[in-house]
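Welcome, and thanks for taking a look at this chain with us. Please have the viewer open while you read, as the report moves from charged pairs to strands and then to cysteines.

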Amino acid sequence: MNRVTQNGRSPAHLWRSFNTMLGKDRDVTGATDHSASFFRADTAAAPPPVITNTTLSSLPSFHPASEAEVRRIIMSSPVKLCSLAPWPTFLIHEYVDLVTPCVTHLVKISLNSSQLPDNQKHATVSTLLKKSGLDMSDMSNFRPVSNVTFMSKVAERVVTRRMNDYLVEHHLLPRLQSAYRRQHSTETALLHVMSDALTAAADRQVTLIWLLDMSTAFDCVDHSILLQQLERNFGITGLTLHWMTSYITSRTQQVLYNGKLSQLQRFSYGVPQGSVLGPLLCNLYTADISKVVEFHGHKVHQYADDCQVIPQHSCL
């Protein structure tokens, strides 16, 4: 009760406390080869989409990161332990003025060379039960959370800021997507859906809602399709596209449990959950969903991989 009272003014901290008390945030599976290979998808059997050029703007390169920006990113990063990091985050915070020039230099090299080193593209994966009470023998009931290196997260935050600034400036973000973007949340998603329902009720209409949930959305991102979409639909070109290609491809992961690692797995599909840039890329990958729904005359709102579709002809 004391913890609830202390965190009562912060919904994020309050939900985190509830998850801890319910045991939803603990690792509950072992590192088996089955679990390591389960959290990978293969969409090669799906027919290739037709992707046309839809934007006149472009982002051919990233402007360099300053030491002041990198220092802010370091100090705002949560103090977490990562088995892949050579030193704990709290030490980086403590000696931030010493390490900032070096970290800034490494980020500049990555952006200028359009390469993210392979040792920064490896992740250790923890599996978390999606809801308490689910069958723990069914791997689909778990959510894989990727723990990547601190340096990777710093570079991702720099790139994500530049991507967001560009996408907002040119109005390229999915208009009806409320997840992983500034000034949007579950609250804005709920308000939008409720507004449609109340408007329909005022016109004496019944609102029917189709609730769609994409299964393993992060794991099913096809790298080739994503890169084509970034270039043709969002104007990510030149050195920026090369960096994105380097970031997305040649990734590896291992499941970590009780201090033991599974066999290393390489994957050609998916973006890492728990990364900084992954959620934004997933949003851009699924942006066409709203276009398809609106093309057929229906209303839609998205929050990450959840879609609420309201058919146009709902009436008494």
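A salt bridge here is a side-chain nitrogen of Lys or Arg within 4 Å of a carboxyl oxygen of Asp or Glu. Asp97 and Arg71 meet that criterion, with their closest N and O atoms 3.0 Å apart. Please keep in mind that the model is a predicted one.

## Salt bridges

The Asp97 and Arg71 pair links distant parts of the chain: Asp97 sits in helix H6 (residues 96-113) and Arg71 in helix H4, 26 residues apart. Asp97 counts as exposed at 58% relative accessibility, while Arg71, at 35%, counts as partly exposed.

How many salt bridges does a search of the whole structure find? The search gives seven. Three of them are described here, including the one just met, and the table lists their partners and N to O distances.

| Acidic residue | Basic residue | N to O distance |
|---|---|---|
| Asp97 | Arg71 | 3.0 Å |
| Glu69 | Arg162 | 2.8 Å |
| Glu294 | Arg175 | 3.0 Å |

Take Glu69 and Arg162, whose side chains meet at 2.8 Å. Glu69 belongs to helix H4 (residues 67-76) and Arg162 to helix H7 (residues 150-169), so this pair ties together parts that are 93 residues apart in sequence. Are these two residues buried or exposed? Both Glu69 and Arg162 are buried.

The side chains of Arg175 and Glu294 also form a salt bridge, at 3.0 Å from N to O. Arg175 lies in the loop between H7 and H8, and Glu294 in helix H12, so parts 119 residues apart in sequence are tied together by this pair. Arg175 has 62% relative accessibility and counts as exposed; Glu294 has 35% and counts as partly exposed.

As general background, side chains of opposite charge can pair when their charged atoms come close.

## The chain as a whole

Stepping back, the chain holds twelve helices and eight strands. Of its 316 residues, 43% are buried. Its exposed surface comes to about 17,700 Å², with carbon and sulfur atoms supplying 57% of that area. If you look at contacts between residues at least 6 apart in sequence, 74% of them join residues at least 24 apart.

## Strand E4 and its partners

Why is strand E4 described as largely enclosed by the rest of the structure? Five of the seven residues of E4 (residues 251-257) are buried, and that is why the strand earns this description.

E4 has several pairing partners to follow in the viewer. Strand E1 (residues 122-129) runs parallel to E4, and four bridges join the two. On the E1 side, His122 stands opposite Thr252 of E4. Strand E6 (residues 265-267) pairs with E4 in the antiparallel sense over three bridges, and here Thr252 faces Arg266 as the residue opposite in E6. Thr252 is therefore a handy landmark, since it stands opposite His122 in the E1 pairing and opposite Arg266 in E6. Strand E5 (residues 260-261) also pairs with E4 in the antiparallel sense, over two bridges. In that pairing, Leu256 stands opposite Leu261 of E5.

## The three-stranded sheet

Another region to visit is an open sheet of three strands, ordered E3-E8-E7 with antiparallel pairing. Strand E3 (210-213) and strand E7 (299-303) are its edge strands, each pairing on one side only. On average, neighbouring strands of this sheet are turned by 20° against each other, direction ignored.

E3 and strand E8 (residues 306-310) are paired antiparallel over four bridges. Within that pairing, Leu212 has Cys307 in E8 as its bridge partner.

Which helices lie across E7 and E8? One is helix H8 (residues 186-202), running at about 165° to E7. Helix H12 (residues 288-295) also lies across E7 and E8, at about 165° to E7. H12 is also the helix that holds Glu294 of the salt bridge with Arg175.

## Cysteines

A disulfide is a covalent bond between the sulfur atoms of two cysteines. How many does a search of the whole structure find? It finds zero disulfides. Cys282 is in no disulfide, and the nearest cysteine sulfur, that of Cys220, is 9.4 Å away. With 7% relative accessibility, Cys282 counts as buried. Cys102, by contrast, is partly exposed, with a relative accessible area of 48%.

Methods. Residues numbered from 1 in each chain as written. Predicted model: local features only at pLDDT ≥ 70, side-chain atom pairs only at ≥ 80, totals over all residues. Heavy atoms only, no water. Buried < 20%, exposed > 50% of the residue type's maximum accessible area, 1.4 Å probe, protein only. Pairing = 2+ DSSP bridges. Contact = heavy atoms within 4.5 Å. Areas by Shrake-Rupley, 256 points an atom, 1.4 Å probe, with all protein chains shown as cover. Disulfide = S-S within 2.5 Å. Axes fitted to C-alpha atoms, helices over the stretch in contact; angles between N-to-C directions.
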